[in-house]
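Hi there,

Here is the structure I promised to pass on. Have a look at it first, and then read on for what I found.

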Amino acid sequence: MSFDYNMTRVNRILNHPDYKKYLVQLQERERERKFCCHNISHFLDVARIAYIINLEMKLDINIELIYSAALLHDIGKAVNDVENVGHSRLSANLAEPILYDCGFVDLEVECILDAILNHNNEKIKVSHNNNLTSLLYRADKLSRPCYMCDVRNLCYWSLENKNLQLKI
Ligand SMILES: [Fe+2]
Ligand SMILES: [Fe+2]
């Protein structure tokens, strides 16, 4: 069995010097973090859950858009939020030049940045859209193993958002 879809641009992101730098910075910043971390494991969990939902629901969203959005959605946590804009906005700002460097075109960049900007926007939860933005929102939430977490009672997530059972 072979997978013949093209992941060239996703792999360019993984090898992009700025992306690699942000991953190292994230690791440094979250070294003492007791809650869920924002690392490559989280990004790949989100990408793969999103892709599973995409297949199950026959959404037919391009795999490179899904993986790119997932890989980049939290990189804003690698830098200081001096203007207090939130990590979604910071992530989108850092992601934009990387996406163009890796060969994504305007419409694709727009779509990926919208998903990144709204990945923690509660309004997306009730929007019932089946686009990349709602896919990333859902996969991000589903990715966290609250059922195994020692500090879940200290976490800011509401009880209804916590994954107390494995769903996917
Ligand atoms: Fe996030
Ligand atoms: Fe996340």
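Let me start with one helix, α2, which has 13 residues and reaches 18 Å from its first C-alpha to its last, close to the 18 Å expected at 1.5 Å a residue. Please keep in mind that this is a predicted model.

Within α2, the buried residues are Tyr-19, Tyr-22 and Leu-26. They cover an arc of only 60° around the axis, so they sit on the same side of α2. The general rule behind this is that an α-helix has 3.6 residues a turn, so residues three or four places apart point the same way. The buried residues of α2 pack against α1 (8–14) and α5. On the face turned away from that buried side you will find the exposed residues Pro-17, Lys-20, Lys-21, Val-24 and Glu-28.

Val-24 deserves a second look, since it is a residue of helix α2 that counts as exposed, with 10 C-beta neighbours inside 10 Å; the cut-off for exposed is 12 or fewer. Its C-alpha atom is separated by 25 Å from that of Val-151, which is 127 residues apart from Val-24 along the chain.

Now for the whole chain. It has eight helices and zero strands, so far as the element order goes reading α-α-α-α-α-α-α-α from the N terminus. The radius of gyration is 16 Å, close to the 15 Å that the globule rule gives for 168 residues, so the chain is as compact as a globular protein of that length. Along its principal axes, the C-alpha trace spans about 40 × 40 × 35 Å. Of the 168 residues, 31% count as buried. If you take the contacts between residues at least 6 apart in sequence, 56% of them join residues at least 24 apart.

What about the inside? The largest nonpolar core has 35 residues, and those with the most contacts inside it are Ala-50, Ile-66, Ala-69, Ala-70, Ala-95, Ile-112 and Leu-136. At least two residues of this core come from each of α2 (17–29), α3 (40–56), α4 (63–72), α5 (87–101), α6 (106–117) and α8 (132–142). The largest share, seven residues, is supplied by α4. To see one of the well-connected core residues in its setting, click on Ile-66: leaving aside residues up to four places away in sequence, Ile-66 touches Ala-47, Ala-50, Tyr-51, Asn-54, Ile-61, Leu-132 and Leu-135.Two of those neighbours, Ala-47 and Ala-50, bring us to α3, where the buried residues are Phe-43, Val-46, Ala-47, Ile-49, Ala-50 and Asn-54. This helix has 17 residues and reaches 24 Å from its first C-alpha to its last, close to the 24 Å expected at 1.5 Å a residue. The buried residues of α3 pack against α4 and α8.

That leads on to α8. Eight of its eleven residues are buried, so α8 is largely enclosed by the rest of the structure. The buried ones are Leu-132, Thr-133, Ser-134, Leu-135, Leu-136, Tyr-137, Ala-139 and Asp-140, and they pack against α3, α4, α6 and α7 (122–125).

For a buried residue elsewhere, try Leu-99 in helix α5. Leu-99 has 24 other C-beta atoms within 10 Å and is buried. Not counting residues up to four places away in sequence, Leu-99 touches Ser-68, Phe-104, Val-109 and Ile-112. The C-alpha atoms of Leu-99 and Ala-69 are separated by 9.7 Å, and these two residues are 30 apart along the chain.

Finally, a few backbone details. Asp-60 has a positive phi of about 60° although it is not a glycine. Asp-60 lies in the loop between α3 and α4 and is exposed, with 8 other C-beta atoms within 10 Å. Asn-84, also not a glycine, has a positive phi near 55°. Asn-84 is placed in the loop between α4 and α5, and with 6 C-beta neighbours inside 10 Å it counts as exposed. Lys-58, which follows α3, has a positive phi as well, near 50°.

Happy browsing, and write back whenever you like.

Best wishes

Key: Residues are numbered from 1 along each chain as its sequence is written. Chains are lettered from A and ligands numbered from 1 in the order in which they are written. This is a predicted model: local features need pLDDT of at least 70, side-chain atom pairs count only at pLDDT 80 or more; totals for chains, interfaces and linings use all residues. Helices (H or I, at least four residues) and strands (E, at least two) are DSSP runs, numbered from the N terminus. The radius of gyration is taken over C-alpha atoms; the globule rule is 2.2 Å times the number of residues to the power 0.38. A residue is buried if 20 or more other C-beta atoms lie within 10 Å of its own, exposed if 12 or fewer, and partly exposed in between; C-beta atoms are placed from the backbone. Two residues are in contact if their C-beta atoms, placed from the backbone, lie within 7 Å. A nonpolar core is a set of buried Ala, Val, Leu, Ile, Met, Phe, Trp, Tyr and Cys residues joined through C-beta atoms within 7 Å. The expected span of a helix is 1.5 Å times one less than its number of residues. The arc is that of the directions from the helix axis to the C-beta atoms.
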